[in-house]
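Hello! Here is the structure I promised to pass on to you. Have a look at it first, and then read my notes below.

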Amino acid sequence: MLILGISGQTGAGKSTLAEYLAAKGIGRNVEVDALGHLLLKQQSTISKLTEAFGDDILINGQIDRKKLGAKAFVSSEATEKLNSIMHPAMVLMVKEIIAEEEAKGASGIIINAALLYKMKLDKLCNRIIYVEADPEIRVRRLVENRGFTEENARARLFAQDQRPDDSRVIIIENNGTADELKAKLDSADFDL
């Protein structure tokens, strides 16, 4: 089974690429960030996070992601604390999904993760695509498409996996539109 990892920094176009490849039949698109959002609703995760960051990250018994982010991203130590709680559970979820897809006889699966390497999900992949785009284009996308302030967009620019030095990696430059990205994929000379 093809296990295709897709990584790149915020605003580069990972999700656009993953959704397009899934629509073309490569396999199920597993958005690792979405798995993290599911975990935030589980009582065991809520308990671990409130123990680490305090009860004031809750609203009506649920994790408020903005409040959590305000505490978890203030220092590298705080971010590591968050990652030590979230990442092992997210990796386990990805492994379970891969096993489910294999059991169904799927020919492939897409693991879409900004922190593919940091989470060591790359070890599960037999092909990897890294999507990159110029920083100013990424800032514009984050402001226009996701409602970030320019300051917040710039703060996030380099918070995720850097371009890997890995022979399995296909580098896709995405400085254009979504349609241009799709055309580039359709005419690409690599096999997945």
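**Salt bridges and the rest of the chain**

Let's start with one pair of side chains: Arg-28 and Glu-100 form a salt bridge, with their closest N and O atoms 3.9 Å apart. Arg-28 belongs to strand β2 (residues 28-31) and Glu-100 to helix α5, so this pair ties together parts that are 72 residues apart in sequence. Please keep in mind that this is a predicted model.

As general background, side chains of opposite charge can pair when their charged atoms come close. Are these two partners buried or exposed? Neither label fits, because partly exposed is the range between under 20% and over 50% relative accessible area. Arg-28 has a relative accessible area of 36% and is partly exposed, and Glu-100, at 41%, is partly exposed too.

How many salt bridges does the structure hold? The count is 8. Another one is found between Lys-104 and Glu-101, where the closest N and O atoms are 3.2 Å apart. Both of these residues sit in helix α5, 3 residues apart, which is about one turn of the helix. Lys-104 is exposed, with a relative accessible area of 62%, whereas Glu-101 is buried, at 7%.

Lys-123 and Asp-122 also meet through their side chains in a salt bridge, at 3.9 Å from N to O. Here Lys-123 counts as exposed at 64% relative accessibility, while Asp-122 is buried, with a relative accessible area of 5%. Salt bridges with shared partners also join Arg-28, Glu-100, Glu-101 and Lys-104 into one network.

Now for the charges on the surface. Lys-41, Arg-65, Arg-146 and Arg-156 form a positive surface patch. Of these, Arg-146 is found in helix α6 (residues 135-146).

Next, the whole chain. The protein chain has 8 helices and 7 strands. Its radius of gyration is 17 Å, close to the 16 Å that the globule rule gives for 192 residues, so the chain is as compact as a globular protein of that length. Along its principal axes, the C-alpha trace spans about 50 × 45 × 30 Å. Buried residues account for 45% of the 192 residues.

One of the buried residues is Met-90, with a relative accessible area of 7%. You will find Met-90 in helix α5 (residues 76-104). The C-alpha atoms of Met-90 and Leu-181 are 28 Å apart, and the two residues are separated by 91 residues along the chain.

Enjoy exploring, and best wishes!

How values were computed: Residues numbered from 1 in each chain as written. Predicted model: local features only at pLDDT ≥ 70, side-chain atom pairs only at ≥ 80, totals over all residues. Heavy atoms only, no water. Patch = residues over 30% accessible without salt bridge, like charges linked within 9 Å, V, L, I, M, F, W, Y side chains within 5 Å. Areas by Shrake-Rupley, 256 points an atom, 1.4 Å probe, with all protein chains shown as cover. Salt bridge = Lys/Arg side-chain N within 4 Å of Asp/Glu carboxyl O. Lys, Arg positive; Asp, Glu negative; His and termini not counted. Charge placed at Lys NZ, Arg CZ, Asp CG, Glu CD. Helix = DSSP H or I, 4+ residues; strand = E, 2+ residues; numbered from the N terminus. Rg over C-alpha atoms; globule rule 2.2 N^0.38 Å. Buried < 20%, exposed > 50% of the residue type's maximum accessible area, 1.4 Å probe, protein only.
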